[in-house]
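Reader: I've got this model open at the bench. Can you walk me through how the chains meet?

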Amino acid sequence: MSENTDIEPIGDNDNPQYVLRLFITGASINSRRAVVNVKQICEQYIKGNYSLEIIDVYQQKTIAEKEQIIALPLLIKSKPLPARRLIGDMSDTQKVLKGLGISIGT
Amino acid sequence: MIPDSSEQKNHLRALEKACTGIKGLDEITLGGFPQGRPTLICGAAGCGKTLFSIEFLVHGALEYNEPGVFMAFEEKTEEITVNVASLGFDLEQMQKDKLIRLDHVRIERSEIEETGEYDLDGLFIRLGYAIDSIGAKRVVLDTIENLFSGLNNQGIIRAELRRLFEWLKEKKVTTIITGEKGDGALTRQGLEEYVSDCVILLDHRVTNKISTRLLRIVKYRGSVHGTNEYPFLIDSDGISVLPVTSLTLSHEASTDRISSGIPALDKMLGGKGFFRASSVLVSGTAGTGKTSIAGSFANETCSNGERCIYFAFEESPKQVIRNMSSIGIDLQRHIDSGLLKFNAARPTLNGLEMHLASIHKLIVQFKPHAVILDPITNLITVGSVSEVKNLLIRLIDFLQSQEITVMFTALALNDNISEQTDESVSSLVDAWLLIRDIEMNGERNRGLYVMKSRGMKHSNQVREFVISDNGVDLVDVFLGPDGVLTGSAREEQQLMQKAGIVLKDHAVSRKDREIDRKRAVLESKIASLKEEFESVREELNKTYIEDELKKEVLESNRKEMSRQRGREDSPE
């Protein structure tokens, strides 16, 4: 990632199990909601075991083509495999967890 | 119908248009697609939507200095590049030259989990970046409907599409959106409700196992446009649309005359032959020599240094050339000199419209002075009578507008009492030559009539049409006591007449000799009488001289005696 990107690495693990990237568009409502929701879910379910990068596509337009981005906000889970793409404001926690492959012990 | 653009009010600011550069399409749309607005191209699978849009971009980039972005939702960019390479479009190089930008949008439904509200800002950003990076003026969204299959929330997609098209309008880019044809609707997802400025429907129809591609402008706001279905061709040169349906009859009429290649036929046609840019129909039953007339005409045209295209629907070029050489017409040399072009194809090769399209295309390329279609009868195998007639009307219209003379040959059936050809084109053409079998005395001969020839005095006589080693010729038929005589009957009559002349000559000369002889006899008689007269005269002269001599002698004797008597007297 080049330096003028808006990267916010979150997480405290050098070798996290979950590698996540969240693509947003500036400060739109969906984007803000998505950021809050993702952070909340991560903190709640995989605390300390993830890295989260938040990328503003407006700031880095070439990445849209590179990453095949159409719908935003988009959360890409590149680790653990299989890679998954989650779109939306992440308000449906059940689906987010399913997408991330996190099973909640009931 | 193609409307006349000159009637448009020029002083008002009309809709600006972006030339597509596709042959014929700009004519139908009177200048192209609406500039800065989206145009929907829809049609079933495989009808040429993608190719249409690629051509639009390539021509825009290369000819009108309008770079373009191609956003593919279906095919990969590499696939597209390979697919259009056969048309001579080097998309790779054009991408390097920043004339075109290809972007493949991949949506894999199985990979995506929808977790709430979202929008298509990613697409906007991508497209916006692509447009800005090359200063694009044209955009193609190839089958954007794939979004619907990739994403679940239809409400969002519809709202976003509406926003997208508004946004594209604001960006002032001319956009093509392609859409797959749906059941009972123009597109599966009803895209036409978002794109209301210009909708073009492509169709690929197969009737009687023969395919025809058709294009129709369903709507075009703010512009007059052709409303018919226009056939179009996809071949090695890309797409060409054929706007040959014109309802106006406003073409120029030439007073130039061109020879038919048969001097005697020219004589029948007011002494000078056909009018330039006229249409000539040669009809006749099988084997009457229609192709030979066509061959002569082609030969004559090329001999005058003019170009000619020969569309053969029955024989191969080699066959025609061989057959023509047997009657002393050498077409090969015209092919070698580039003046004559053969185009031979079975009528069943493609549909009527495609035939028209390919004829049209070839004519535009070759720019001939004369065109021959031999025979049009065979076209009926791929269309109905009215369709063939329609095709020929349009072809004649087009040719006349280009000042091209056209000769059709048509097979007339024997049981056709009205003399109409099957294609009933005889009312369309300017000149109609009919070759008819005249069967008599156990042989078949050909009689040629000029059934009509507009705008010139033409012979009303039947001429015998003779094909010999030296080409075709017309011979005056003989009107004998039994009616019209042709073939050997005519020759017999001619021989008889010749014999009569010889006999007459002979009789005349015999009489002359008689007179000569009589004269000689007379002259010899005159001579003998003359001789007689001479001898009589001599006889008469002889007595006369003798008398004189006698008289003289007597006188001298008397003188002598009187002298002697005197002497006797003197001594006294």
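Author: Let's start with strands across the interface. β4(A) and strand β6 (residues 112-114) of chain B run parallel; strands are DSSP runs (E, at least two residues), helices are H or I runs of at least four, both numbered from the N terminus, and two strands pair if DSSP finds at least two bridges between them. Here the number of bridges is 3.

Reader: Which residue of β6(B) is opposite Leu86(A)?

Author: Look along β6(B) for the partner of Leu86(A). That residue is Glu113(B).

Reader: How much area do chain A and chain B bury between them?

Author: Buried area is the accessible area (1.4 Å probe) lost when two parts are put together, summed over both. Carbon and sulfur atoms carry 52% of it here. The total for chain A and chain B is about 2,400 Å².

Reader: Which three residues supply 29% of the area that chain A buries against chain B?

Author: No other three residues give more. They are Glu65(A), Ile70(A) and Ile87(A).

Reader: Which side chain meets Glu65(A) in a salt bridge?

Author: A salt bridge puts a side-chain nitrogen of Lys or Arg within 4 Å of a carboxyl oxygen of Asp or Glu. There are 3 between chain A and chain B. For Glu65(A), the N to O distance is 3.0 Å, and the partner is Arg101(B).

Reader: Any fine print?

Author: It's a predicted model, with local features needing pLDDT of at least 70 and side-chain atom pairs 80 or more, while totals for chains, interfaces and linings use all residues; side-chain values use heavy atoms, without hydrogens and water. Residues are numbered from 1 along each chain as written, with chains lettered from A and ligands numbered from 1 in written order.
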